[in-house]
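Colleague: I'm new to this structure and would love a guided close look at one part of it. Could you start from a single pair of charged side chains and then lead me outwards from there?

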Amino acid sequence: MKKLSVVLPISLLLSLSSTVSASPLSPAGVWSGTIGKSPIKVCFQDSGQQAVYYYQRYKTPITLTLKDGFWVEQGDTGRWELSGQPGNHIAGQWSTVSGTKSLPLSLKFEYHDLDKNCGEEEFLSALQKTLKWKKGAWKDWFGWQYRDVAYGGDNSIELAANFPSSKVINTIFNDRVTSEERAERQLETLVYALEHPGSEKYDETYVAPVFLNGLWLGVRFYVRRAGTGANGTSDYTSYFSLATGEMINPWRWFLSSQVNQPHEYSAYSHPLPETMRAKYGRKESEASEFEGCKRSEHGYYQISLRNNGLLFWERPNGDGCEREFLLTPEAAMPFANAEGKKALSAFSKLIRLNLKGY
């Protein structure tokens, strides 16, 4: 059977992923009908509290949650009031939450075979054509241009053609965020989540430029996995050479070899090298200052480039004990390897030129 190319928004998964007790107002199954004169199709979960529907004309999924006897649309854009017990036909009324506008609602039962909890191919098939590229208007940023792009459940950016090394960097964005292969993976995780309420498999990615100087471009990647809280959030900045477009990782400037990190730490998070830790790490004399801190959760630093140097920082985890420090390229030089010394030398020269007003 051909796999469908459809990705539903994160709000859909969040509202469909909870497992709750059944309700007498739950007409479980797939129904077709109308709101006013507009044809719709709706699937009510067996859980009794969640549903999703779409207008046949627009093919945009809208979630419903049962609250106080009403089926309320996501964003409080409207609510349904169904009359009587479910049979083969249901009458009701759609209205705005404020009650200022209302339309008759009519539903006809189609089938109940919900082995996949509204992830059935027959129900989702009409949404197949909703997966499209969406591109925003060009934005000015430090004299250059970029625009937001979206594909499926992921959001990325595209650099204008005159941006340095834009072709190479845009290819990396596409491969990492908005490729059709990634969209297919999102479909698979979405269908799994619909088949298994409570699943935490669906994720979204957001991309935004955050740093630019004459050498490097910094782009923040924020990935959120539904239902996992902070443990399922990945937030890091990737840097790109403006000369070549290749990705760089400032940590490579300070490591003698690539260290395998525990799974909860990315390639962007490392302990300080021993010589740097001896000078800038947490000291035993500071024990009283950090009393009550979760020390086992500290000690891994990320590096963010700034116009005047490199910021080493620990990710906050809620105990208020994280620390950070800024090093100029010259101050960081003694701790760098050969690759790092070359990069820091260029960084230092750029800072000096900027201070002179060139």
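With which residue does E158 form a salt bridge, and how far apart are their closest N and O atoms?

Modeller: Happy to walk you through it. What you see is a predicted model, where local features need pLDDT of at least 70, side-chain atom pairs count only at pLDDT 80 or more, and totals for chains, interfaces and linings use all residues. Residues are numbered from 1 along each chain as its sequence is written, and side-chain values use heavy atoms, with hydrogens and water left out.

The partner of E158 is K135, and the closest N and O atoms of this salt bridge are 3.8 Å apart. The term stands for a side-chain nitrogen of Lys or Arg within 4 Å of a carboxyl oxygen of Asp or Glu. E158 sits in strand 12 (residues 154-159) and K135 in strand 9 (residues 133-135), so the pair, 23 residues apart, links distant parts of the chain. Helices (H or I, at least four residues) and strands (E, at least two) are DSSP runs, numbered from the N terminus. K135 has a relative accessible area of 49%, which means it counts as partly exposed. On that scale, buried is under 20%, exposed is over 50% and partly exposed is in between, with a 1.4 Å probe and protein chains only. There is also a third member to meet: a network of salt bridges links K135, R147 and E158.

How does this fit with the other charged pairs? The count comes to six salt bridges. One of them joins E110 to K41, with 3.6 Å between the closest N and O atoms. This pair too links distant parts of the chain, with E110 in strand 8 and K41 in strand 2 (residues 38-44), 69 residues apart. The two partners differ in their surroundings: E110 is partly exposed because its relative accessible area is 33%, whereas K41 counts as buried because its relative accessibility is 13%. Another salt bridge runs between D148 and K139, where the closest N and O atoms are 2.6 Å apart. Here D148 is partly exposed, with a relative accessible area of 31%, and K139, at 34% relative accessibility, also counts as partly exposed.

Let us stay with strand 8 for a moment. Strand 8 covers residues 102-111 and holds F109. F109 counts as partly exposed, since its relative accessibility is 29%. Apart from its neighbours within four places in sequence, F109 is in contact (heavy atoms within 4.5 Å) with A28, V30, W31, G87 and N88. F109 and H89 are 20 residues apart in sequence, and their C-alpha atoms are 6.2 Å apart in space.

Moving on to the nonpolar side of the picture, the largest nonpolar core has 25 residues, of which W253, F254, M276, L310 and F312 touch the most other members. Such a core is a set of buried Ala, Val, Leu, Ile, Met, Phe, Trp, Tyr and Cys residues joined through side-chain atoms within 4.5 Å. At least two residues of this core come from each of helix 5, strand 18 (300-306), strand 19 (309-314), strand 20 and helix 7 (338-355). Helix 7 gives the largest share, four residues. L310 is a good place to zoom in: leaving aside neighbours within four places in sequence, its contacts include W253, F254, I303, F325, L344 and F347.

Aromatic rings are worth a look as well. The whole structure holds 22 aromatic pairs. In one of them, Y280 and F325, the ring centres are 4.9 Å apart and the planes meet at 10°, so the pair is stacked. Y280 belongs to helix 5 (residues 274-280) and F325 to strand 20 (residues 324-327), 45 residues apart, and this pair links distant parts of the chain. For these terms, rings of Phe, Tyr and Trp (its six-membered ring) pair if their centres lie within 6.5 Å, and planes under 30 degrees apart count as stacked, over 60 as edge-to-face and the rest as tilted. Both Y280 and F325 are buried. They also belong to one aromatic cluster with W251, F254, Y301, F312 and F335.

To place these parts in the whole, the protein chain has seven helices and 20 strands. Of its 358 residues, 46% are buried. Among contacts in the protein chain with a separation of 6 or more, 49% are between residues 24 or more positions apart.
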